[in-house]
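Q: Please take a close look at one part of this protein, the open sheet and the spaces beside or apart from it. I am a first-year student, so plain wording would help.

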Amino acid sequence: MAARVLVRLWRLTGDARYEERASKMFQVFAGILDQSPRAAEHLLLAFLSWSEAKPTPAPTKKPPAEKPGARVQRGPVIASAELSKPRIAAGESTELRITLEIEPEWHLQSAKPTCDDLTATSVVLGLGEGLTPGEMRFPDGTLSPIGGERLSVYAGRVVIRVSIAAEPGLPSGRIPGVARVRFQACDDRRCLNPEEVELNFAVELSS
């Protein structure tokens, strides 16, 4: 949290002292960001905001090692993320759309699976300072007879939506975000291990 505050103060005031202190924190904790970025979410978001505003070489160990993308494939599923309006003004909102494209003969457990031992499709958002999410809106699953049971599943193409609002008074620039999508793919015979993918995006704030 301290790193996020320092980066935000630097971006708001232009005072290089805040940037220097944030940079030293990234250097000290580079090992954590390199090895376990999910264990330091606030620090990771601060680093992304810092690197967007200051495209200079990163500390000795450049975090993070794994760079999520806006389109990722895991087995029979392609996950992607896009904003309805990539560029907004402070005080306005945009919509993040997370699309899951599922290969034929495969399905995912829905956000509300009918069996407790199945992994629900879920999304966790990490947003940079100044962005606030609305309610995550999942589509209803389809009840399908699979393995002698009627299961609530997603098949084909699924879109998950959430609004993202920018606080009034924010300065212009890019504010990063990440969506962590978890799902379990199955066919009529077996279920694969649950997967989690990370999708990067950024909201452009205009003056």
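A: What follows starts with the whole chain, turns to the sheet, and ends with the empty spaces and the other strand pairs.

The model is predicted. The protein has 207 residues, and 43% of them count as buried. Its secondary structure consists of 4 helices and 13 strands. Among contacts with a separation of 6 or more, 68% are between residues 24 or more positions apart. On the outside, the protein exposes about 10900 Å², and carbon and sulfur atoms supply 49% of that area.

Now the sheet. It is open and has 4 strands, in the order β8-β9-β5-β12, with antiparallel pairing. Its edge strands are β8, residues 142-146, and β12, residues 185-186, and each of these pairs on one side only. β8 is joined to β9, residues 149-154, by 5 bridges in the antiparallel sense. Within this pair, I146 is placed opposite E149 of β9.

Strand β5 covers residues 107-109, and Q109 belongs to it. Is Q109 buried or exposed? Residues under 20% relative accessible area are called buried. Q109 has 1% relative accessibility, so it counts as buried. Many residues touch Q109: beyond its neighbours within four places in sequence, its contacts are L118, T119, A120, T121, L151, S152, V153, Y154, Q184, C186 and C191. Of the sheet strands, β9 spans residues 149-154, and the contact list of Q109 includes L151, S152, V153 and Y154. The edge strand β12 spans residues 185-186, and C186 is also among the contacts of Q109.

Next come the empty spaces. Rolling a probe the size of a water molecule over the atoms shows where empty space is left. The second largest pocket holds about 160 Å³ of space. It is lined by 14 residues, and those closest to its centre are L118, I146, E149, L151 and C191. Two of these names, I146 and E149, are the residues that stand opposite each other in the pairing of β8 with β9. Three others, L118, L151 and C191, appear among the contacts of Q109. By class, the lining of this pocket has 6 nonpolar, 2 polar and 6 charged residues.

The structure also holds 1 cavity of 30 Å³ or more. The volume of the largest cavity is about 190 Å³. Its lining has 16 residues, with R8, R11, S49, E129 and I175 closest to the centre. Elements that contribute two or more residues to this lining are α1 (2-13), α4 (41-53) and β11 (173-183). The largest share, 5 residues, comes from α1. The classes here are 8 nonpolar, 4 polar and 4 charged.

β11 leads on to the other strand pairs. β11 runs antiparallel to β13, and 11 bridges join them. G173 has L205 of β13 opposite it. β13, residues 195-206, also pairs with β3, residues 87-89, here in the parallel sense over 3 bridges. In that pairing, A89 has S206 as its bridge partner.

A further pair is formed by β1, residues 71-74, and β2, residues 77-83, which run antiparallel and are joined by 4 bridges. R71 has S80 of β2 as its bridge partner. The two strands form a hairpin with 2 residues between them, and G75 in the turn has a positive phi of about 60°.

Conventions:
Residues are numbered from 1 along each chain as its sequence is written. This is a predicted model: local features need pLDDT of at least 70, side-chain atom pairs count only at pLDDT 80 or more; totals for chains, interfaces and linings use all residues. Side-chain values use heavy atoms; hydrogens and water are left out. Buried means under 20% relative accessible area, exposed over 50%, partly exposed in between (1.4 Å probe, protein chains only). Contact means heavy atoms within 4.5 Å. Accessible areas come from the Shrake-Rupley method with a 1.4 Å probe; for residues, only the protein chains shown count as cover. Two strands pair if DSSP finds at least two bridges between them. On a 1 Å grid over the protein atoms alone, a cavity is a set of points where a 1.4 Å probe fits but cannot get out, and a pocket is an open set with protein on both sides within 12 Å along at least five of seven lines; lining residues have an atom within 4 Å of a point. Grid points are joined across faces, edges and corners, and a volume is the space filled by probe spheres set on the points. Ala, Val, Leu, Ile, Met, Phe, Trp, Tyr, Cys and Pro count as nonpolar, Asp, Glu, Lys and Arg as charged, and the others, Gly among them, as polar.
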